[in-house]
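Subject: Structure handover

Hello,

Here is the structure I promised to pass on. Please open it first, then read the notes below.

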Amino acid sequence: PTLLWDHIPDSERGLRDLMAQYDDMLFLMYTNGTLIDGKMAAEMAQLGNVTPAISIEGRREQTDARRGEGVYDSVLGAMAALREERVLFGASVTYTSQNWETVASDEFIDELIDLGCMYAWYFMYVPIGRDPDLSLMATAQQRDVVARKTWEWLVGKPIFVADFWNSGALT
């Protein structure tokens, strides 16, 4: 969505303009965050009705392995810019058989809180498309740990956390 921030193809407007037009609505934007800089964060703050959920897959090695080299540092930069402008933002976390232990750790959720995340959406990896990697699917036991941790954090940490698949009553 940040690619369309200033200009939507075949239009004279961008997403920013639509959000300004519909100022009685809140927009949840899922993004990798790589294009969010100080200027865009300031514009989001001015709008006051957009909240980016920034994709992060764990720590640097895990995020960069899945999203591309340097993305983790871009994510941290985007979060810092948003925090500086006091924009409500959160994280979008996809857990797999390879990163579930990291993203289900108290240290990781505390890092998200320290970065300024007000919420975290957890999504289980679902293999789709041509030749999906089935080895990335979390096991039933791994999914259970993530489900238990997200509920524990929801009631015990200063952050809203929902596991899309396991928090059915919330989602």
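A word on naming before anything else: helices and strands are DSSP runs, at least four residues for a helix and at least two for a strand, numbered from the N terminus. With that in hand, Arg86 can be placed in the loop between α4 and β3. Please keep in mind that this is a predicted model.

Arg86 deserves a look. Its phi is positive, about 65 degrees, although Arg86 is not a glycine. Arg86 is exposed, with a relative accessible area of 76%. Asp10 also has a positive phi, near 65 degrees, and is a residue other than glycine. You will find Asp10 in the segment before α1, which covers 15–21. Is Asp10 buried or exposed? Asp10 is exposed, at a relative accessible area of 84%.

Now the sheet. Five strands make an open sheet, ordered β1-β2-β3-β4-β5, with parallel pairing. The edges belong to β1 (27–31) and β5 (160–163). Each has a single partner strand, so one side of each has no neighbour in the sheet. From one strand to the next, the twist averages 20 degrees.

Look inside the sheet next. Strand β2 (residues 50–55) pairs with strand β3 (residues 90–95) in the parallel sense, over 3 bridges. Ile54 stands opposite Ala91 in β3. Helix α4 packs on the sheet and touches β2 and β3. The direction of α4 makes about 160 degrees with that of β2. Helix α6 (residues 106–115) packs on the sheet too, touching β3, β4 (119–124) and β5. Here the angle is about 135 degrees, taken between the directions of α6 and β4.

Thr94 is a residue of strand β3. Thr94 is buried, with a relative accessible area of 12%. Which residues does Thr94 contact, leaving aside neighbours within four places in sequence? They are Ile56, Glu57, Arg66, Arg67, Asn99, Phe123, Met124 and Tyr125.

On to a helix pair. The axes of α3 (residues 60–67) and α4 (residues 71–84) come within 7 Å and cross at roughly 110 degrees. Angles from 65 to 115 degrees count as roughly perpendicular, and α3 and α4 are therefore roughly perpendicular to each other. On the α3 side, the contact is made by Arg60, Thr63, Asp64 and Arg67. On the α4 side, Val71, Tyr72 and Asp73 take part. By class, this contact has 2 nonpolar, 1 polar and 4 charged residues.

Last, the nonpolar cores. In soluble globular proteins, nonpolar side chains tend to be buried together. The largest nonpolar core here has 39 residues. Which of them touch the most other members? Met44 and Tyr122 do. Helix α4 gives this core its largest share, 7 residues. Apart from this core lies another, of 5 residues, among them Ala53, Tyr119, Phe123 and Ala162.

Tyr122 has a long list of contacts, not counting residues up to four places away in sequence. Those contacts are Val93, Tyr95, Val103, Phe108, Ile109, Val146, Thr150, Trp153, Val161, Ala162, Asp163 and Phe164.

If you want one place to begin, try α4. Helix α4 touches β2 and β3, its axis crosses that of α3 at roughly 110 degrees, and the largest share of the 39-residue core comes from α4.

Best wishes

Definitions and conventions: Residues numbered from 1 in each chain as written. Predicted model: local features only at pLDDT ≥ 70, side-chain atom pairs only at ≥ 80, totals over all residues. Heavy atoms only, no water. Axes fitted to C-alpha atoms, helices over the stretch in contact; angles between N-to-C directions. Parallel < 35°, antiparallel > 145°, perpendicular 65-115°, else oblique. Contact = heavy atoms within 4.5 Å. Nonpolar A, V, L, I, M, F, W, Y, C, P; charged D, E, K, R; others polar. Core = buried A, V, L, I, M, F, W, Y, C linked by side-chain atoms within 4.5 Å. Buried < 20%, exposed > 50% of the residue type's maximum accessible area, 1.4 Å probe, protein only. Pairing = 2+ DSSP bridges.
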